[in-house]
Amino acid sequence: MKLFVVLALLAFTGCQANVLRSDEPKSQLELVNDAFRDYVAKARQTAQDTLQSIRESAFGQQVNDKITESVEVARQYAAVVQDQVTVIGQESYKKVSEQVERLSGRLQQDISEVRAQLEPYAEELKEKVEQRLQELAPLAESLHTEVAQRAKAVQQTVAPYVEALREKLDPYTGDIKSQLTDLWESLTKSD
């Protein structure tokens with residue numbers, strides 16, 4: 001038994017297969033990928049360190065001061081432009097409002113004139129339409145009567161065939177109904 005334990009111990013420690021290690025050796029692609037990621041991380045850190053040192057340097061402070069100064073000048077310029085635009089906008093709004101008011105007055109006058117000119121034509125057209133409707137009323141009534149007569153004739157012609165078909169299908173409908181009832185009962189009992 002001791003011999004078996006010694007051989008097993010030698011087999012595990014002396015062989016290349018490492019039973020305790022679950023990681024497989026990395027492929028070339030994975031090694032290259034890891035190396036690239038390490039390089040990018042180091043480059044990023046170097047860039048951040050360089051930016052930090054520039055910010056803390058006298059030159060970086062000067063650049064920050066110039067940027068702050070430029071932002072303040074831009075704010076002041078924007079305020080002046082906004083004031084000017086407001087004044088111009090109010091003047092433009094007043095002019096446009098006056099023009100719209102004048103045009104609205106003219107448009108109302110033109111609409112009234114057109115309405116006065118078209119009113120006789122509208123009355124004439126209304127009278128003609130009413131006259132045509134009165135002429136068509138008897139025709140519509142006769143058409144309605146004819147359609148009703150033909151529908152009744154079709155119904156009388158088809159009625160014997162419908163009754164014969166119903167008599168032929170009645171035995172099947174009763175049989176299907178009983179089969180469906182039995183199926184339903186068997187399904188409800190099994191649930």
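Helix H3 has 133 residues, yet its end C-alpha atoms sit only 89 Å apart. A straight helix, at 1.5 Å a residue, would reach 198 Å, so H3 falls short of that span. This is a predicted model, and that is worth keeping in mind when looking at such a helix. Part of the picture is a kink of about 40° at leucine 169 in H3, shortly before proline 171.

As for the rest of the fold, the protein comes to 3 helices and 0 strands, running α-α-α from the N terminus on. H3 itself covers residues 58–190. Confidence varies along the chain: it is lowest in helix H1, residues 2–14, with a mean of 57, and highest in H3, with a mean of 83. Over the whole protein the average pLDDT is 79, and 87% of the residues score at least 70.

Next comes the matter of what is covered and what is open. Buried residues make up just 1% of the 191 residues in the protein. The exposed area comes to about 18,500 Å², and carbon and sulfur atoms supply 61% of it. One nonpolar patch turns up on the surface, formed by Leu165, Leu169, Tyr172, Ile176, Leu180, Leu183 and Leu187. Together these residues offer about 710 Å² of accessible area. The patch takes in Leu169, and leucine 169 is also where the kink in H3 lies. Another patch member, leucine 183, belongs to H3 too. Its relative accessibility is 45%, so leucine 183 counts as partly exposed; the cut-offs behind that label are under 20% for buried and over 50% for exposed.

Then there are the charged pairs. Side chains of opposite charge can pair when their charged atoms come close. A search of the whole structure finds 5 salt bridges, and three of them are described here, each in turn.

Glutamate 72 and arginine 75 meet through their side chains in a salt bridge, at 3.7 Å from N to O. These two are 3 residues apart in helix H3, so about one helical turn separates them. Glutamate 72 is partly exposed, with a relative accessible area of 39%, whereas arginine 75, at 56%, counts as exposed.

Further along, the side chains of glutamate 124 and lysine 128 form a salt bridge of 3.4 Å, N to O. Both residues lie in H3, 4 residues apart, which is about one turn of the helix. Here glutamate 124 is partly exposed at 39% relative accessibility, and lysine 128 is partly exposed as well, at 48%.

Glutamate 146 and arginine 150 make up another of these pairs, and the closest N and O atoms of their salt bridge are 3.0 Å apart. The spacing is 4 residues within helix H3, so glutamate 146 and arginine 150 are again separated by about one helical turn. Glutamate 146 has a relative accessibility of 37% and counts as partly exposed, while arginine 150 reaches 55% and counts as exposed.

Note on methods:
Residues numbered from 1 in each chain as written. Predicted model: local features only at pLDDT ≥ 70, side-chain atom pairs only at ≥ 80, totals over all residues. Heavy atoms only, no water. Patch = residues over 30% accessible without salt bridge, like charges linked within 9 Å, V, L, I, M, F, W, Y side chains within 5 Å. Areas by Shrake-Rupley, 256 points an atom, 1.4 Å probe, with all protein chains shown as cover. Salt bridge = Lys/Arg side-chain N within 4 Å of Asp/Glu carboxyl O. Buried < 20%, exposed > 50% of the residue type's maximum accessible area, 1.4 Å probe, protein only. Bend = angle between axes of the 7 residues up to and from the residue. pLDDT = per-residue confidence, 0-100.
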